[in-house]
Amino acid sequence: TDGEAMVILNEEVGSGYAVIIDADTNTVLAEKGGNTAVYPASMTKIMTVLVAAEMLSGAELEMTVTMSAEIVDAAIREGASRAGFEPEERVKLIDLLYGAALPSGADATSALARYLAGSEAQYVELMNQKAEKLGLENTHFVNASGLHDDGHYSTVREIAALMSYAMDNELCRRLLSAASYTTSATDQHPYGITLYST
């Protein structure tokens, strides 16, 4: 197609938005609505996890954060997906990362955001700064969990570019590639929580 991406018109593609990219060259091979603004929902977690992975060092991943009742209550109230952590549970940062990456847990993303930036609003600023640095001109985040908001958007082309960048980060690649993971034992979960990729 003379360097132009082929447009996917096949009705068997169930989504109105899709992109196929050659990961070695970052060339778009085919797309359907590739540059259309969409709500990224749980794909937001790619950026959430990437920003956290770039901020955390190896030893720090074993540190614990106390899950607050406020975070858990907010996730339940908003009908958001949760990893399943309980109020007052001491959760390792690595477990929060897996809780964000696999079940797309809003409890995990909120706890990470507060630990790393002081508030979710401050963390979202870091996410938007990273998007700007990556040249994602049609991406804007309002929260770290992917809950719907008119000001929270991206395109499938830019999500694919973000995923490609995230996969170059060893920790991100491990988190986003896992099929399942069992968190560390805590008083509330003596056998840990087994998380599955959604």
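**Exercise 1.** Which residues does M47 touch, not counting residues up to four places away in sequence?

*Solution.* This is a predicted model, in which local features need pLDDT of at least 70, side-chain atom pairs count only at pLDDT 80 or more, and totals for chains, interfaces and linings use all residues. Residues are numbered from 1 along each chain as its sequence is written, and side-chain values use heavy atoms, with hydrogens and water left out. Take contact as heavy atoms within 4.5 Å. M47 then touches M127, K130, A131, L134, L136, F141 and L162.

**Exercise 2.** Place M47 in the largest nonpolar core.

*Solution.* A nonpolar core is a set of buried Ala, Val, Leu, Ile, Met, Phe, Trp, Tyr and Cys residues joined through side-chain atoms within 4.5 Å; buried means under 20% relative accessible area with a 1.4 Å probe, protein chains only. The largest such core has 46 residues, and M47, L96 and L97 have the most contacts inside it. At least two residues of this core come from each of α1, α2, α3, α4, α5, α6 (156–166) and α7.

**Exercise 3.** Describe the surroundings of α4.

*Solution.* First, count: nine of the twelve residues of α4 are buried. Next, name them: A106, D107, A108, T109, S110, A111, L112, A113 and L116. Then find their partners: these buried residues pack against α1 (44–55), α2 (69–77), α3 (93–101) and α5 (120–133). Last, look past the helix end: G118 follows α4 and has a positive phi, near 95 degrees.

Note on methods:
Buried means under 20% relative accessible area, exposed over 50%, partly exposed in between (1.4 Å probe, protein chains only). Helices (H or I, at least four residues) and strands (E, at least two) are DSSP runs, numbered from the N terminus.
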